[in-house]
Amino acid sequence: MLLSLVDRLAPIFLLIAVGYLLVRRGILTPGGLDGLTKLAFWVLIPGTMFLTVSSIHVGEVLNLEVWGVYFGSIAVTALVIYAVLMLRPETGRAERIVLAFGAVYSNLAIVGIPVIAILFGDRGLVVLTALITIHAAALITPTVMLMEGTRRADGPRRSLLGALGNQLANPILLSIVVGLVVSGTGLPVPGWLQAFTGMLKAAMPAIALIIIGAGLHGQEIRGNVATSAVGVAGKMVLLPLVVFGVGSALGMTREVLAPLVVAAGLPPGINAVMMAAAYRTAIDRTSTMMLASTILSLVTIPLLALFLTA
């Protein structure tokens with residue numbers, strides 16, 4: 001079992017290291033990294049999600065049990081993080097909201113999809129797809145409304161619609177919707193399209209993990225480290241524990257629970273920093289939380305995988 005896990009984890013570390021070294025040696029330039037990121041976001045990941053979703057039953061994606069366990073755990077964790085941050089006098093209400101949001105918003109796409117695919121295969125991707133389907137809307141909507149409540153100017157409608165509008169144009173989400181339509185209607189997927197998206201799916205993990213490693217180069221710790229550490233602890237430790245505890249208490253099978261817990265233990269997604277930048281609040285602390293969590297995930301994800309597969 002341990003050797004099998006090492007066989008699955010080793011490529012993840014090696015590809016991340018390759019990405020870091022490519023940038024460090026000047027082989028991969030900022031422009032090249034931007035191009036790779038767009039390739040993964042607009043082509044490789046959507047192709048992977050379409051192929052995965054179109055071949056399964058719609059009910060496996062629109063899974064109320066998965067949503068209840070994961071997003072219920074997120075609500076509990078966010079409240080705990082907010083309460084702990086209240087003990088730090090330098091953080092105002094807006095800062096606490098932004099940091100709590102960043103501490104529960106996992107990078108399910110660029111980091112989560114390749115990691116879950118390697119560790120748990122297509123069954124894990126099905127569980128992850130269920131989360132991605134409503135992840136942005138479920139977390140961005142209440143956060144924007146709370147943030148707008150801290151301001152006197154402008155109503156919540158404009159900011160909320162703008163934030164959700166960006167997500168509706170997300171190619172990953174659109175590929176899931178198209179896959180659900182194909183699956184739900186029983187439309188046959190032509191052989192050439194299966195072969196095409198299969199090639200994209202095969203290329204996706206390597207490219208995505210190289211992007212992660214490349215993105216780590218040149219980053220630095222900024223802002224109040226102690227405050228950021230609260231978010232890091234909540235994201236990398238508390239949220240996975242709460243998901244595991246709630247899922248186990250409800251009798252969720254390990255096949256479903258394992259990818260859920262790893263998804264909870266992923267580092268924050270870019271929307272965490274974008275939310276901070278949109279409101280010009282806790283930008284440095286959110287960036288530091290994201291960087292520290294990403295580095296720490298190189299240790300915590302293997303530990304979670306070892307625990308969940310034991």
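# A tour of helices, core and aromatic pairs

Helix H13 bends by about 45° at Ser297. The model on the screen is predicted, and the tour begins with this helix.

**First stop: helix H13.** Select residues 283-309, the 27 residues that make up H13. What span should these 27 residues have at 1.5 Å a residue? The expected value is 39 Å, and the C-alpha atoms at the two ends are 37 Å apart, which agrees. Next, centre the view on Ser297 to see where the bend of about 45° lies.

**Second stop: from H13 to H10.** Select Phe307 and Phe244 together. These residues form an edge-to-face aromatic pair, with 5.2 Å from centre to centre and 65° between the planes. Phe307 belongs to helix H13 and Phe244 to helix H10 (residues 225-249), so the pair ties together parts that are 63 residues apart in sequence. Are these two rings buried or exposed? Phe244 has a relative accessible area of 21% and is therefore partly exposed. Phe307 has a relative accessibility of 45%, so this residue also counts as partly exposed, since that class lies between 20% and 50%.

**Third stop: helix H10.** Now select the whole of H10, which has 25 residues. From its first C-alpha to its last, H10 reaches 35 Å, close to the 36 Å expected at 1.5 Å a residue. Move along the helix to Gly234, where H10 bends by about 40°. After the helix comes Gly251, whose phi is positive, near 75°.

**Fourth stop: the nonpolar core.** In soluble globular proteins, nonpolar side chains tend to be buried together. The largest nonpolar core here has 87 residues. Which residues have the most contacts inside this core? They are Tyr70, Ile113, Leu128, Leu131, Val243 and Leu260. Helix H6 (residues 108-149) gives the most to the core, with 20 residues.

Select Leu131 and display its surroundings. Leaving aside residues up to four places away in sequence, Leu131 touches Val66, Trp67, Tyr70, Phe71, Leu108, Leu260 and Ala263.

**Last stop: Tyr70 and Phe71.** Two of the residues that Leu131 touches, Tyr70 and Phe71, deserve a view of their own. The structure holds four aromatic pairs. In the pair of Tyr70 and Phe71, the ring centres are 5.3 Å apart and the planes stand at 85°, so the pair is edge-to-face. Tyr70 counts as buried because its relative accessibility is 0%. Phe71, at 13% relative accessibility, counts as buried as well.

Methods:
Residues are numbered from 1 along each chain as its sequence is written. This is a predicted model: local features need pLDDT of at least 70, side-chain atom pairs count only at pLDDT 80 or more; totals for chains, interfaces and linings use all residues. Side-chain values use heavy atoms; hydrogens and water are left out. Helices (H or I, at least four residues) and strands (E, at least two) are DSSP runs, numbered from the N terminus. The expected span of a helix is 1.5 Å times one less than its number of residues. The bend at a residue is the angle between axes fitted to the seven residues ending there and the seven starting there. A nonpolar core is a set of buried Ala, Val, Leu, Ile, Met, Phe, Trp, Tyr and Cys residues joined through side-chain atoms within 4.5 Å. Buried means under 20% relative accessible area, exposed over 50%, partly exposed in between (1.4 Å probe, protein chains only). Contact means heavy atoms within 4.5 Å. Rings of Phe, Tyr and Trp (its six-membered ring) pair if their centres lie within 6.5 Å; planes under 30 degrees apart count as stacked, over 60 as edge-to-face and the rest as tilted.
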